[in-house]
Amino acid sequence: MQVICCVCHKTKKHNGWAKQAAQAGGQLSHGYCPQCYQQMMERVENFFAMNGCRKSA
Ligand SMILES: [Zn+2]
């Protein structure tokens with residue numbers, strides 16, 4: 001099973017993440033590479049900071 005980053009489309013190799021097309025026929029799992037994961041987390045934090053804590057009614 002290969003993991004592909006759904007943001008930058010890098011695929012995970014044993015020695016790290018490489019910008020390379022995933023092999024055809026293999027099972028793909030979409031995820032985040034460490035870089036995009038970090039960016040995603042920063043965006044999420046910014047989103048909550050901008051919107052404040054949402055209080056459910
Ligand atoms: Zn990525």
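This report describes a predicted model of a protein chain with a zinc ion.

## Basis of the model

Because the model is predicted, local features need pLDDT of at least 70 and side-chain atom pairs count only at pLDDT 80 or more, while totals for chains, interfaces and linings use all residues. Residues are numbered from 1 along each chain as its sequence is written, and side-chain values use heavy atoms, with hydrogens and water left out.

## Overall fold

The protein chain holds one helix and four strands, which follow the pattern β-β-β-β-α when read along the sequence; helices (H or I, at least four residues) and strands (E, at least two) are DSSP runs, numbered from the N terminus. Of its 57 residues, 16% count as buried, where buried means under 20% relative accessible area, exposed means over 50%, and partly exposed lies in between (1.4 Å probe, protein chains only).

The 18 residues of H1 should span 26 Å at 1.5 Å a residue, and the end C-alpha atoms of H1 are indeed 26 Å apart, which agrees; the expected span is 1.5 Å times one less than the number of residues. Just after H1, Gly52 takes a positive phi of about 70°.

## The zinc site

The zinc ion has as its protein donors the SG atoms of Cys5, Cys8, Cys33 and Cys36, lying 2.2 to 2.4 Å from it; donors are N, O and S atoms within 2.8 Å of the metal (3.2 Å for Na, K and Ca), and since water is not among the atoms, sites may look incomplete. The angles among the four donor atoms are 101 to 115°, and the site is tetrahedral, a term used for four donors if all angles lie between 85 and 135 degrees.

In sequence, the donor residues are spaced C-x2-C-x24-C-x2-C. Distant parts of the chain are linked by the pair Cys5, in strand E1 (residues 2–5), and Cys33, in the loop between strand E4 (28–31) and helix H1 (34–51), 28 residues apart. Both Cys5 and Cys33 are buried.

## Tyr32 and His9

Tyr32 has its place in the loop between E4 and H1, and with a relative accessible area of 36% Tyr32 is partly exposed.

His9 lies in the loop between E1 and strand E2 (11–13), and counts as partly exposed because its relative accessibility is 46%. Most residues other than glycine have a negative phi, whereas phi of His9 is near 65°, a positive value in a residue other than glycine.

Notes: Tetrahedral: all angles 85-135°; square planar, octahedral: opposite > 155°, others 65-115°.
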